[in-house]
Amino acid sequence: MKRNRKRSFGMALLLLAATVLFAFPFYWLLISAFKSKADIFALPPSLLPIPPVLDNFVQAFAETNILRAFANSLVVAVAHVSLALFLCSLGGYAFAKFPHARGNRFLFALVIGTMMVPQAITMIPSFVVLANLRLVNTYWAMVLPGAASAFGIFWMRQYIASHVPDALIDAARIDGCGEFRIYWNIVLPVCRPPLAALGVLTLIANWNNLMWAFVVLRTEEMYTLPLQIYLLQGEVHTPYGMLMACGLLATLPLVVAFLFFQKAFIEGLTAGAVKG
């Protein structure tokens, strides 16, 4: 009994230390957003903004186009996540429930193989395609690339194969349902947990996408939050307080989204790891 208590106490301390380690950068961002530049670099550092100031936020709203960048990121993220969930779930359904279709295994292996290709290699071909389609410096340039990701298709295929019974789909076909109606009315409602998990992961990746935004966005009116924040850094002078304030504004939507979908996100991760 004592050994079990000591083990539980040690595990609790380990988890507490890990929590502090991972949460401290966000806490430092939070308090630094309400500090003056002198307080940010003060030694010894202060763990509380005393007194808290709003100058960094006022400066960010006055001197940058942060609200337009926030709106651009929101539009791009919603469109990209919606398209990704639709395409990945549709592809996952096809690979999971049509295993005897001609070329199914080959195409699935090809999709999985693309996960081994670094993003930097596909960046130039993707840009050339978008340039030929005249989509550079548009929302579509941020929405379309990567929407049908190999990971997303694999994720949905594994869940559908193990959690959607073939008998249920066969019964729907006997009742006269078409394949798309089966997918929309039967498969999707069952797949809410993996869809939530995939949606959160896709949202984080798209919201924080700086490199691709730097390549395809040309005008300030189209800048997303990561690009707008990155361009605040100067060669001689960098407004660290304003950077912290903008970073906090960019982080809060992700925190709110995770808290809102936390239960479904965890359920999706655990369900995807266990074959039903």
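Which helices each supply at least two residues of the lining of the largest pocket? Keep that in mind while you get your bearings.

**Before you start**

This is a predicted model, in which local features need pLDDT of at least 70 and side-chain atom pairs count only at pLDDT 80 or more, while totals for chains, interfaces and linings use all residues. Residues are numbered from 1 along each chain as its sequence is written, and side-chain values use heavy atoms, with hydrogens and water left out.

**Stop 1: the whole chain**

Show the protein chain as a cartoon. You will find 15 helices and zero strands. Helices (H or I, at least four residues) and strands (E, at least two) are DSSP runs, numbered from the N terminus. Along the principal axes, the C-alpha atoms fill a box of roughly 70 × 70 × 30 Å. The chain has 276 residues, and 35% of them count as buried. Here buried means under 20% relative accessible area, exposed means over 50%, and partly exposed is in between (1.4 Å probe, protein chains only). Among contacts in the chain with a separation of 6 or more, 74% are between residues 24 or more positions apart. A contact means heavy atoms within 4.5 Å.

**Stop 2: the largest pocket**

Now select α4 (66-97), α6 (119-132), α8 (150-163) and α11 (192-207): these are the helices from the opening question, each giving at least two residues to the lining of the largest pocket. The terms used here come from a 1 Å grid over the protein atoms alone: a pocket is an open set of points with protein on both sides within 12 Å along at least five of seven lines, a cavity is a set of points where a 1.4 Å probe fits but cannot get out, and lining residues have an atom within 4 Å of a point. Grid points are joined across faces, edges and corners, and a volume is the space filled by probe spheres set on the points.

The largest pocket has a volume of about 1,000 Å³. Its lining is made of 33 residues; to find the centre, select Q119, P145, G146, A147 and S149, which lie nearest to it. Colour α6 next, as this helix gives the most to the lining, with seven residues. By class, the lining has 23 nonpolar, 10 polar and no charged residues. In this sorting, Ala, Val, Leu, Ile, Met, Phe, Trp, Tyr, Cys and Pro count as nonpolar, Asp, Glu, Lys and Arg as charged, and the others, Gly among them, as polar.

**Stop 3: the second largest pocket**

Keep α4 and α11 selected and add α14 (240-260): each of these helices supplies at least two residues of the lining of the second largest pocket. This pocket has a volume of about 320 Å³. It is lined by 17 residues, and V81, G199, L203, A257 and F261 are the closest to its centre. Which helix gives the largest share of this lining? That is α4, with seven residues. The lining divides into 15 nonpolar, two polar and no charged residues.

**Stop 4: a cavity**

The structure holds one cavity of 30 Å³ or more, and its volume is about 40 Å³. To see its lining, select S73, V76, M142, N206, W207, N209, T224 and P226. Two or more of these residues come from each of α4 and α11. Four of the lining residues are nonpolar, four are polar and none is charged.

**Stop 5: two helices crossing**

Two packed helices are described by the angle between their axes and the distance between the axes. Select α4 together with α10 (residues 179-190): their axes come within 11 Å and cross at roughly 105 degrees. Therefore α4 is roughly perpendicular to α10. Axes are lines fitted to C-alpha atoms, for helices over the stretch in contact, and angles run from 0 to 180 degrees between N-to-C directions; 65 to 115 degrees counts as roughly perpendicular.

Turn on side chains for F86, S89, L90 and Y93 in α4, which meet E179, F180, I182, Y183, W184, V187 and L188 in α10. The residues of this contact are nine nonpolar, one polar and one charged.

**Stop 6: details in the loops**

Go to the loop between α2 (37-40) and α3 (55-63), where you will find P44. The peptide bond joining L43 and P44 is cis, with omega about 0 degrees. P51 is also in the loop between α2 and α3, and the bond from I50 to P51 is cis, with omega near -10 degrees.

Finish in the loop between α6 and α7 (139-143), the place of R134. Though not a glycine, R134 has a positive phi of about 60 degrees. Is R134 buried or exposed? R134 is exposed, with a relative accessible area of 77%. Select N137 in the loop between α6 and α7 too: N137 is not a glycine either, and its phi is positive, about 65 degrees.

How values were computed
Parallel < 35°, antiparallel > 145°, perpendicular 65-115°, else oblique.
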